[in-house]
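Reader: Please take a close look at the empty spaces in this model and at one residue within a strand. I would like the pockets described with their linings.

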Amino acid sequence: MGTSVTISAATDDDAEQILKLQYLCYQTEAALYDDYAIEPLTQTLHALRAELGEGCVMVARLGQEVVGSVRGTVDPDGTAKIAKLIVHPRLQRHGLGGRLLAAVEERLAAERSAKRYRLFTGHRSEGSLRLYRSHGYAPVGTEQLTTRLSVVTLEKQLTGA
């Protein structure tokens, strides 16, 4: 391709590209659970822009194209909640998801005093579970939301905390 992927903080100008990429990436999750009404597929541009203003949003860019993204917030007790880690299907399985995860963790610790990280994924999302485990996350609970979906909660302590 000739251009390397860079990771940086998202800006409001990235919102439309992130939303389109999110819609593309969550199609496989929706099919896996036979539920096309999941929040990533119904989120509005307005709601995404609010997340950009409130949280820590990182993007991966290939040239000017947003090809990955991840979001995080930190609550008052220092728990960082990481969500919506997405990578364009054509770039998956090349380490970009891990790079985005590491980038948001680093930023949440440095700028928002995160002490631990927490994220959630569906019980059938083997690729996501494998990625999170390989980056030090351990399952701490499972909650059945519907007959088709159980959500696995994974956590990781900040290294050196």
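Author:
**A buried arginine, two pockets and a cavity**

R116 counts as buried because its relative accessibility is 19%, and the cut-off for buried is under 20%. The model is predicted.

Start with the setting of R116. R116 lies in strand β5. A polar atom of its side chain lies 3.3 Å from the backbone oxygen of D77. Leaving out residues up to four places away in sequence, R116 touches D77, G78, T79 and A80. R116 also touches K156, Q157 and L158. D77 thus appears twice: in the list of residues that R116 touches, and as the owner of the backbone oxygen 3.3 Å from the R116 side chain.

Strand β5 leads on to the pockets. Strand β5 (116–122) supplies at least two residues of the lining of the largest pocket. Strand β5 also supplies at least two residues to the lining of the second largest pocket.

Take the largest pocket now. The volume of the largest pocket is about 1200 Å³. Its lining holds 40 residues, and Y26, L85, T121, S128 and Y132 are the closest to its centre. Several helices each supply at least two lining residues: α1 (15–25), α2 (27–33), α3 (39–42), α5 (96–112) and α6 (126–134). Strand β4 (79–87) does so too. By class, the lining has 22 nonpolar, 12 polar and 6 charged residues.

The second largest pocket comes next. Its volume is about 170 Å³. The lining consists of 14 residues. Nearest the centre of this pocket lie E51, R71, G72, T73 and A83. Helix α4 (45–54) and strand β3 (65–74) each supply at least two lining residues, as does β4. The largest share, 4 residues, comes from β4. By class, the lining of the second largest pocket has 5 nonpolar, 3 polar and 6 charged residues.

β4 therefore deserves a second look in both places, with strands counted as DSSP runs from the N terminus. β4 supplies at least two residues to the lining of the largest pocket. In the second largest pocket, β4 gives the largest share of the lining.

Last, the enclosed space. Searching the whole structure gives 1 cavity of 30 Å³ or more. About 30 Å³ of space lies in the largest cavity. Y33, D35, T146, R148 and L149 form its lining. Sorted by class, these are 2 nonpolar, 1 polar and 2 charged residues.

How values were computed. Residues are numbered from 1 along each chain as its sequence is written. This is a predicted model: local features need pLDDT of at least 70, side-chain atom pairs count only at pLDDT 80 or more; totals for chains, interfaces and linings use all residues. Side-chain values use heavy atoms; hydrogens and water are left out. On a 1 Å grid over the protein atoms alone, a cavity is a set of points where a 1.4 Å probe fits but cannot get out, and a pocket is an open set with protein on both sides within 12 Å along at least five of seven lines; lining residues have an atom within 4 Å of a point. Grid points are joined across faces, edges and corners, and a volume is the space filled by probe spheres set on the points. Ala, Val, Leu, Ile, Met, Phe, Trp, Tyr, Cys and Pro count as nonpolar, Asp, Glu, Lys and Arg as charged, and the others, Gly among them, as polar. Buried means under 20% relative accessible area, exposed over 50%, partly exposed in between (1.4 Å probe, protein chains only). A polar contact is a pair of N or O atoms within 3.5 Å; within protein, one must be able to donate a hydrogen and the other to accept it, and residues adjacent in sequence count only if both atoms are side-chain atoms. Contact means heavy atoms within 4.5 Å.
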